[in-house]
Amino acid sequence: MDIVDGGAAEVERVAGGAGPTPAPAGEWEREPQPSDSLRTFGAVVQALREHAGLSREELGAWVRYSKHTVESVELGRRMPDKAFVERAEEPLGNTGALRKASRHLTRGEAGFAAWFRRWAALEREAVSLCTYECRLVPGLLQSRAYARAVFEGTVPPRTDDELEAQLTARMERQTMMRERPTVPFSFIVEEHVFRRRFGDAEAMRGLYDHVLELTAPRNVTFQVVPLEAGLHPCLDGPVRILETPSGQRLGYSEGQKNGRLISDPKEVSVICQRYETLRSQALSPTESRALLERLRGEL
């Protein structure tokens with residue numbers, strides 16, 4: 001995810017002054033939950049600053065922010081804006097390292113697992129998104145009651161605050177389904193996922209209704225892999241595929257307490273081939289919706 005452009009007002013250099021003049025003019029918001037990438041970037045800034053023999057106050061003069069802002073960036077507490085990165089390059093060696101590193105910064109978003117944050121950021125900019133799931137209903141389609149049941153069943157148990165933060169993040173993530181009507185979304189889900197019971201009949205009906213509602217728009221394709229389909233190419237596990245605005249395709253796979261962003265073109269190509277093959281083996285969108293409606297009627 002690219003760094004966020006200017007978050008604080010800037011004050012021009014003092015007329016006629018020599019060298020950069022500090023201009024602390026307020027600071028951008030503190031990150032609610034520092035991410036690993038912010039901490040790493042901050043450590044690099046600190047190491048380069050110390051190597052250059054500069055104090056935080058002196059670097060602050062170059063970037064036109066206070067020494068407290070420099071400290072916050074170095075500790076991973078704040079997302080550096082574009083101006084900070086550009087101005088810091090010259091006094092810290094002008095190697096381009098900060099510019100390159102800043103492209104990979106992600107916010108420490110409350111409610112998202114650390115290994116998922118990068119993908120969550122990419123999702124918001126994607127021009128298409130494909131999801132295959134064989135464990136549980138995809139997060140983008142989960143009803144609130146279903147998501148709560150998933151979080152309540154994790155081991156070790158989450159605190160109430162952690163559970164609410166994750167539940168809020170999951171529900172907010174679904175807003176892009178409604179806010180991006182021209183982005184193609186494709187879902188392929190195993191039938192047994194929808195047969196796994198949780199809660200009472202009302203909760204199950206709520207799940208089916210939620211999935212049917214979110215997959216009704218023309219830009220959303222929803223398919224179910226029937227139980228009788230047998231073995232297929234995606235048995236290695238759940239996978240996601242997206243296309244970036246620049247046309248690059250990326251993949252993502254997830255397992256126990258970890259996730260992996262896949263960028264190698266050959267590997268992504270194989271995943272795409274598997275997904276397309278499975279698409280041909282799954283029920284059609286019409287048949288898939290009919291299956292969910294039938295399951296709902298059986299409750």
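This briefing walks through some helix pairs, two loop residues and the cavities of the structure above. Keep in mind that the model is predicted. Three helix pairings are covered: helix 2 with helix 3, helix 7 with helix 8, and helix 11 with helix 13. After those come the two cavities of 30 Å³ or more that a search of the whole structure turns up.

**Helix 2, helix 3 and the loop between them**

- Let's start with helix 2 (residues 56–63) and helix 3 (residues 67–74), whose axes sit 8 Å apart and make an angle of about 100°.
- Angles from 65 to 115 degrees count as roughly perpendicular, and that is therefore the label for helix 2 and helix 3.
- On the helix 2 side, the residues that meet helix 3 are Arg56, Glu57, Leu59, Gly60 and Val63.
- Helix 3 answers with Lys67, Val70, Glu71 and Glu74.
- Sort the residues of this contact by class and you get five charged, three nonpolar and one polar.
- The loop that joins helix 2 and helix 3 is home to Arg64.
- Have a look at the backbone there: phi of Arg64 is near 65°, a positive value, and this residue is not a glycine.

**Helix 7, helix 8 and the loop between them**

- Next up are helix 7 (residues 144–152) and helix 8 (residues 160–173), with axes that come within 10 Å and cross at roughly 140°.
- Helix 7 and helix 8 are therefore oblique to each other, and their crossing is right-handed.
- From helix 7, the contact draws on Arg144, Ala147, Arg148, Phe151 and Glu152.
- From helix 8, it draws on Leu163, Glu164, Gln166, Leu167, Arg170 and Met171.
- By class, that contact holds five nonpolar and five charged residues, plus one polar residue.
- Pro156 lies in the loop between helix 7 and helix 8.
- What kind of peptide bond runs from Val155 to Pro156? The bond is cis, with omega near 0°.

**Helix 11 and helix 13**

- Helix 11 (residues 201–214) packs against helix 13 (residues 285–297) at an angle of about 160°, and their axes are 9 Å apart.
- Anything over 145 degrees counts as roughly antiparallel, so helix 11 and helix 13 get that description.
- The crossing of helix 11 and helix 13 is left-handed.
- Helix 11 brings Arg205, Tyr208, Asp209, Val211 and Leu212 to the meeting, while helix 13 brings Arg289, Leu292, Glu293, Leu295 and Arg296.
- This contact has five nonpolar and five charged residues, and no polar ones.

**The largest cavity**

- How much volume does the largest cavity have? The figure is about 40 Å³.
- Its lining is made by Thr131, Tyr132, Glu133, Arg135, Pro238, Val239, Arg240, Tyr252, Ser253 and Glu254.
- Three strands each give two or more residues to that lining: strand 1 (128–133), strand 4 (239–243) and strand 5 (249–255).
- Class by class, the lining of the largest cavity comes out as four nonpolar, four charged and two polar residues.

**The second largest cavity**

- The second largest cavity holds about 30 Å³ of space.
- Around it you'll find Glu123, Leu129, Thr131, Pro138, Gly139, Leu140, Arg173, Phe187 and Arg240.
- Four of those lining residues are nonpolar, three are charged and two are polar.
- Thr131 and Arg240 turn up in the lining of the largest cavity and again in that of the second largest.

Note on methods
Residues numbered from 1 in each chain as written. Predicted model: local features only at pLDDT ≥ 70, side-chain atom pairs only at ≥ 80, totals over all residues. Heavy atoms only, no water. Axes fitted to C-alpha atoms, helices over the stretch in contact; angles between N-to-C directions. Helix = DSSP H or I, 4+ residues; strand = E, 2+ residues; numbered from the N terminus. Parallel < 35°, antiparallel > 145°, perpendicular 65-115°, else oblique. Left-handed = near helix turned anticlockwise from the far one by under 90°. Contact = heavy atoms within 4.5 Å. Nonpolar A, V, L, I, M, F, W, Y, C, P; charged D, E, K, R; others polar. 1 Å grid on protein atoms, 1.4 Å probe; cavity = no way out; pocket = protein on both sides within 12 Å on 5 of 7 lines; lining within 4 Å. Points joined across faces, edges and corners; volume = space filled by probe spheres on them.
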